[in-house]
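The exercises that follow ask you to read features from a model and to reason through each one in steps. Please keep the sequence and the structure open beside the text as you work.

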Amino acid sequence: MVEEGHWGIYKNIDNMPLERFDSFRTIINEFNTKVGHITQFSPIRSKRPFEHINEKVEIIHSPKDDSFCKVVEGILPAILLSKDSEKGEDALSINSAKTSLTNHIAISIVNLFTPMARVLYDNVQQITSIQDKSVGIGLVHLLTNHYDTLSEVPIPEVEKLLITTRLAQRNSISELRERYKTEKLTVLHFFNIGEEAGASICHLHSQTYIYANEIGHGWTSLGFLSVPGYHKKLKNNMNYCLACELSKGAEKIIDPIGQNILLKERKVFENDDWLVVTAFSPERDGQLRIFPKRHVSQFIDLDNKQIADLAEALVIANKALDNFIKGTSLSMHLLQDRNILFRQDNVGYDSGMHLIIDIIPIQRIGGAEIMETYRIASMFPEDVAAVMRESLKEIK
Ligand SMILES: [Zn+2]
Ligand SMILES: [Zn+2]
């Protein structure tokens with residue numbers, strides 16, 4: 001007697017693995033083949049978790065003696081670009097200072113270890129072509145209070161963090177445009193939360209890399225940037241936007257490549273301006289996606305109401321993910337550490353893409369998944385969302 005699924009032998013059609021494509025970055029090419037991110041679900045690959053909540057992944061709180069705490073106390077110098085909603089130094093400033101910032105909630109500073117040239121000195125101004133140089137600004141946005149995770153921050157403080165981030169990004173973008181006489185800039189905005197997610201300092205912060213040369217995106221960004229135009233062509237409708245369709249709340253939504261994307265089943269939370277869902281084709285188990293209900297392509301274009309509601313959506317989404325991960329079995333290899341990625345249009349591209357915020361937890365994966373934009377998942381996002389919705393009831 002062969003156990004169901006062993007050696008790929010199935011008796012029940014419901015147990016058979018199936019594939020989903022990420023609607024936002026999948027096209028059907030001229031050979032009628034789908035090209036994009038694939039998640040393969042193998043429901044019986046691991047036992048259903050959530051039978052009990054265990055304490056395996058309690059968050060370890062870091063001591064309040066990191067470099068960011070020292071910047072806030074005025075012990076270490078920083079180039080301060082924004083404090084709450086007030087502009088500080090110019091983005092290309094060389095003026096670092098030690099200043100006590102404890103009477104502010106959130107600040108933006110220049111990244112001490114910026115991975116690109118920010119251009120400080122007169123001789124660099126003489127470079128006529130920046131095409132082959134990595135030129136731009138690395139920003140760090142942080143709260144003056146010390147937290148390890150977004151889930152534990154009061155929502156008004158998250159709002160301040162987003163406001164100061166928007167201000168520093170806007171100023172940096174306009175200064176870089178002027179300095180380099182370029183309309184096109186690549187903006188990478190993200191949180192690394194926890195060491196396994198790449199945070200070198202545990203004090204909660206987000207980062208923005210803004211590239212003034214045009215080398216700042218790869219296949220992943222290219223997918224998100226080019227698929228909106230592909231969808232419009234396919235639907236023969238220049239106003240078509242899949243994410244906008246989601247916020248209309250229709251009973252059933254079929255994406256442009258023909259998948260029923262089960263929106264209702266995947267919904268975790270919503271407020272006036274934002275929709276939080278589990279990703280249809282997740283890159284890691286538990287991945288969440290946050291969409292603005294009104295079409296916006298870039299973070300800097302969010303208005304104050306959208307920012308305030310985003311603060312709430314981010315905190316609740318992170319709590320839902322914490323709860324989900326706490327309840328998973330060890331065999332899922334999910335950690336509380338996570339990345340939050342703001343997938344948005346590049347400045348000056350006008351791709352028509354709809355801002356997407358992905359929250360992706362760290363999970364151990366294997367070779368096939370590293371080789372391709374492909375992953376094998378053990379749990380359907382509809383079931384993940386049900387667990388998350390249930391867990392949010394408890395904390396309210
Ligand atoms: Zn700190
Ligand atoms: Zn849209």
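**Exercise 1: Backbone angles in two loops**

Leu 262 lies in the loop between helix 5 and helix 6 (263-266). In this predicted model, find the sign of phi at Leu 262, and decide whether Leu 262 is buried, exposed or partly exposed; then do likewise for His 333.

Solution. Begin with the expectation that most residues other than glycine have a negative phi. Leu 262 is not a glycine, and yet its phi is positive, at about 50 degrees. For burial, count the other C-beta atoms within 10 Å: Leu 262 has 18, and because buried requires 20 or more and exposed 12 or fewer, Leu 262 is partly exposed. His 333 sits in the loop between helix 7 (304-327) and strand 14, and its phi is also positive, about 55 degrees, although this residue is not a glycine. With 14 C-beta neighbours inside 10 Å, His 333 likewise counts as partly exposed.

**Exercise 2: Two helices checked for length**

Compare the expected span of helix 4 (residues 219-235) with the distance between its end C-alpha atoms, locate its kink, and repeat the length check for helix 3 (residues 155-180).

Solution. Helix 4 has 17 residues, which at 1.5 Å a residue should span 24 Å, and its end C-alpha atoms are 23 Å apart, in agreement with that value. A kink of about 30 degrees is nevertheless found at Ser 226, shortly before the proline Pro 228. The buried residues of helix 4 are Ser 221, Gly 223, Phe 224, Leu 225, Val 227, Pro 228 and His 231, and what covers them includes strand 2 (27-28), helix 5 (242-247) and strand 14 (334-343). After helix 4 comes Asn 236, with a positive phi near 55 degrees.

For helix 3, the 26 residues should span 38 Å, and the end C-alpha atoms are 37 Å apart, which agrees. Helix 3 is followed by Lys 181, where phi is positive, near 50 degrees.

**Exercise 3: Strands and their partners**

Which strands stand at the edges of the open sheet of 11 strands, and how do the side chains of strand 16 (residues 374-377) point?

Solution. The order of the sheet is 6-5-7-8-10-9-14-15-13-12-11, and its pairing is antiparallel. Strand 6 (86-87) and strand 11 (267-270) are therefore the edges, since each has a single partner strand and one side of each is left without a neighbour in the sheet. Within this order, strand 5 (residues 80-83) is joined to strand 7 (residues 106-110) by 3 bridges, and Lys 83 has Ile 107 of strand 7 as its bridge partner.

Strand 16 pairs with strand 4 (residues 38-41) in the parallel sense, over 4 bridges, and Gln 40 has Ile 376 of strand 16 as its bridge partner. In a regular strand the side chains alternate between the two faces of the sheet. Strand 16 shows such alternation, with Arg 375 and Ala 377 pointing to one face and buried, whereas Tyr 374 and Ile 376 point to the other and are not buried.

**Exercise 4: The surroundings of Thr 164**

Decide whether Thr 164 is buried or exposed, and name residues distant in sequence that it contacts.

Solution. Thr 164 belongs to helix 3, and it counts as buried because 26 C-beta neighbours lie inside 10 Å. Beyond four places in sequence, its contacts include Ser 82, Lys 83, Asp 84, Ala 106, Ile 107 and His 141. For Lys 83, the separation from Thr 164 is 81 residues in sequence but 6.4 Å in space, C-alpha to C-alpha.

**Exercise 5: Where the two domains touch**

Which element gives the most residues to the side of domain 1 that touches domain 2?

Solution. The domain assignment gives domain 1 as 20-27 + 37-47 + 237-395 and domain 2 as 67-211. Their C-alpha centres lie 26 Å apart, and 27 residues of domain 1 are in contact with 27 residues of domain 2. On the domain 1 side, the elements that give two or more residues are helix 7 and strand 14, of which helix 7 gives the most, with 10 residues. By class, this side has 16 nonpolar, 6 polar and 5 charged residues.

Conventions. Residues are numbered from 1 along each chain as its sequence is written. Chains are lettered from A and ligands numbered from 1 in the order in which they are written. This is a predicted model: local features need pLDDT of at least 70, side-chain atom pairs count only at pLDDT 80 or more; totals for chains, interfaces and linings use all residues. Two strands pair if DSSP finds at least two bridges between them. The expected span of a helix is 1.5 Å times one less than its number of residues. The bend at a residue is the angle between axes fitted to the seven residues ending there and the seven starting there. Two residues are in contact if their C-beta atoms, placed from the backbone, lie within 7 Å. Domain bounds come from an automatic or database domain assignment. Ala, Val, Leu, Ile, Met, Phe, Trp, Tyr, Cys and Pro count as nonpolar, Asp, Glu, Lys and Arg as charged, and the others, Gly among them, as polar.
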